[in-house]
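Dear colleague,

Please find below the structure that I am handing over to you. My notes on it follow, arranged by region.

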Amino acid sequence: MVIQSPTRRQAILFASIPLIALYIIFTLKLHQLVPSISTWPTLSGLARHKLWVWTTKKAQQPHGHDHPGQEYARLASSTTRRPFSRHIVAVGDLHGDMPNARRVLRFADVVDDHGDWTGNVDFLVQTGDIIDRRDDTILLFLWMEKLREQAHKAGGTVLSHLGNHEWMNALGDWRYVYPSELKTFGTIAARQRMITTGRIGRAWATNYTTATRLPLHPSLGPVNTPYPPHSSLSLNVQKDDEEFHWRSGPDSDPDHIYNHNPIHHHGSQHDEKEKIDPLSHAAFSFVHGGLSPTYHELTPFPSRINQLSHSLLEKVQNRPQPPPHPPHPYHGLPHGATPAEHRLYDANGPLWYRGWATESDKTVCSQVDDVLRKTGTRRMIMGHTPDFHNIKSRCNGKIIIIDTGISHAYGGTLSALSIHYTLEPVGSDPSSRSWREREVVSALYPDRREVIVSDERVIEGDFHLVH
């Protein structure tokens with residue numbers, strides 16, 4: 001029908017202007033440049049309502065290995081109970097040895113024959129001490145950044161940690177820097193620039209932490225979600241202007257939850273009436289040295305430790321660089337470092353602590369549960385103190401020490417830690433709340449695989465995202 005009235009035609013034209021403006025804004029992604037409209041519905045949100053037909057293909061991609069942030073969107077697409085799995089590989093001290101580092105990640109199936117990310121793991125965790133004792137410092141750090149980028153594109157994640165040797169070099173303590181390694185930088189000044197304002201230093205400041213809390217299941221939130229949470233154990237996730245909620249039976253007392261968690265008290269029955277979250281501690285901690293039971297900055301974990309690490313590293317990298325020790329005197333931490341920052345770097349802090357490796361079984365097994373309870377984790381994994389024969393497990397796998405002297409500087413054992421986690425629905429009844437949870441933690445060597453711990457249990461809960 002032809003509209004004859006000029007007034008009506010003008011009214012329709014003016015009414016169409018906002019729609020045309022919206023089309024231009026979202027097509028050219030102009031909304032990302034203007035904060036005031038950053039909360040407008042996203043294209044993916046509009047696609048769900050089929051307003052923009054050509055955007056619906058995004059939601060139809062095969063899921064494969066999801067990026068951690070994408071797990072929420074994938075699981076939120078349906079209330080159907082679905083199995084979940086996560087594969088983590090962790091490696092300890094590499095100390096300047098690129099060939100052995102590549103061998104380890106190859107037999108752990110993290111990289112292929114060309115040293116590129118395979119996409120066969122969800123997380124690679126490296127617990128620090130890439131630097132010192134051998135010559136491949138630059139090669140190793142640049143390779144880690146390459147793997148980080150490749151992993152991200154494939155939906156995986158590389159988690160990197162600062163070890164005591166990274167901190168020693170940042171502070172000018174170069175006792176373990178080989179002259180041949182120094183030549184790869186050219187000069188002392190060039191090496192100082194590289195580890196402060198250069199590519200390595202920027203990577204430390206941006207992509208490295210001192211501690212990690214890695215959840216086994218996304219109901220605990222993304223990597224490094226602080227524990228204990230500030231309010232409750234429920235997680236609210238904002239995604240495309242729609243709020244999703246994990247139904248996991250929160251309880252306000254973390255100690256109460258921990259003490260009734262079947263992962264720590266095998267054989268205990270889960271009382272649904274108490275609304276206990278059996279996944280509250282379904283996470284592992286990673287640091288270089290260890291989380292001392294008497295360290296005062298454990299909680300909230302790991303945010304408090306990483307806050308101190310970030311602030312101290314910023315002070316170290318931004319001060320005038322002192323001449324390296326030796327032969328010059330050691331300058332120590334920068335002026336203005338706080339008492340808490342000094343505690344971070346002392347022998348009882350997470351960078352240097354060795355008690356979990358050196359104390360007796362009776363001592364460590366009487367202390368470990370308290371640290372796990374405080375940090376919201378089931379197991380703690382660390383490097384730093386080498387066992388040149390094998391990965392060391394203590395207290396039924398609650399303590400795992402993965403430094404086996406991989407570098408030729410030690411001549412130790414090539415090794416990696418593999419963690420397979422699965423959560424599968426029990427039965428086919430969609431109204432059932434029963435799940436079978438399984439953890440298999442294994443030590444990988446060039447010629448064998450040794451299971452360190454295998455735990456399986458049936459738990460109750462609603463471990464999927466619902467509106």
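Where in the chain does I402 lie? In this predicted model, I402 is found in the loop between strand 11 and strand 12 (416-425). Its relative accessibility is 2%, so I402 counts as buried, the cut-off being under 20%. Leaving aside residues up to four places away in sequence, I402 touches A90, V91, G92, T127, I381, M382, G383, I391, S415 and L417. One of these contacts, G92, is separated from I402 by 310 residues in sequence, yet the two C-alpha atoms are 5.3 Å apart in space.

For the chain as a whole, the model contains 14 helices and 15 strands. Of the 467 residues in the protein chain, 50% are buried. Among contacts with a separation of 6 or more, 69% are between residues 24 or more positions apart.

The hydrophobic interior comes next. The largest nonpolar core comprises 69 residues, and those with the most contacts inside it are L105, V110, W143, W204, W356 and I399. Helix 5 (residues 137-154) supplies the largest share of this core, namely seven residues. Another core, of 29 residues, lies apart from it; F123, L216, I391 and I400 are among its members. I391 is also one of the residues that I402 touches.

Helix 11 (residues 303-318) merits a separate paragraph. With 16 residues at 1.5 Å a residue, helix 11 should span 22 Å, and its end C-alpha atoms are indeed 22 Å apart, in agreement with that value. Its buried residues are I305, N306, L308, S309, L312, L313, V316 and Q317. Viewed down the helix axis, these buried residues fall within an arc of 155 degrees, so they line one face of helix 11. As background, an α-helix has 3.6 residues a turn, so residues three or four places apart point the same way. The elements that cover the buried residues of helix 11 include helix 6 (164-170), helix 9 (199-207), strand 4 (208-209), strand 5 (211-215) and helix 12 (339-345).

A search of the whole structure finds one disulfide. This disulfide joins C365 to C395, with an S to S distance of 2.1 Å. The link is left-handed, with -100 degrees about the S-S bond. C365 belongs to helix 14 (residues 361-375), while C395 sits in the loop between strand 10 (392-394) and strand 11 (399-401), so the pair ties together parts that are 30 residues apart in sequence. How do the two cysteines stand in terms of accessible area, buried or partly exposed? C365 is partly exposed, at a relative accessible area of 34%, whereas C395 is buried, at 14%.

Finally, I turn to the strands towards the end of the chain. Strand 13 (residues 434-445) is mostly covered, as 10 of its 12 residues are buried. Strand 12 and strand 13 run antiparallel and are joined by 10 bridges; within this pairing, R436 in strand 13 is the bridge partner of E424. Strand 13 also pairs in the antiparallel sense with strand 14 (residues 448-460), over 12 bridges, and here W435 has I459 in strand 14 as its bridge partner. With two residues between them, strand 13 and strand 14 form a hairpin.

With kind regards

Note on methods:
Residues are numbered from 1 along each chain as its sequence is written. This is a predicted model: local features need pLDDT of at least 70, side-chain atom pairs count only at pLDDT 80 or more; totals for chains, interfaces and linings use all residues. Side-chain values use heavy atoms; hydrogens and water are left out. Helices (H or I, at least four residues) and strands (E, at least two) are DSSP runs, numbered from the N terminus. The expected span of a helix is 1.5 Å times one less than its number of residues. Buried means under 20% relative accessible area, exposed over 50%, partly exposed in between (1.4 Å probe, protein chains only). The arc is that of the directions from the helix axis to the C-beta atoms. Contact means heavy atoms within 4.5 Å. A nonpolar core is a set of buried Ala, Val, Leu, Ile, Met, Phe, Trp, Tyr and Cys residues joined through side-chain atoms within 4.5 Å. A disulfide is a pair of cysteine sulfur atoms within 2.5 Å. Two strands pair if DSSP finds at least two bridges between them.
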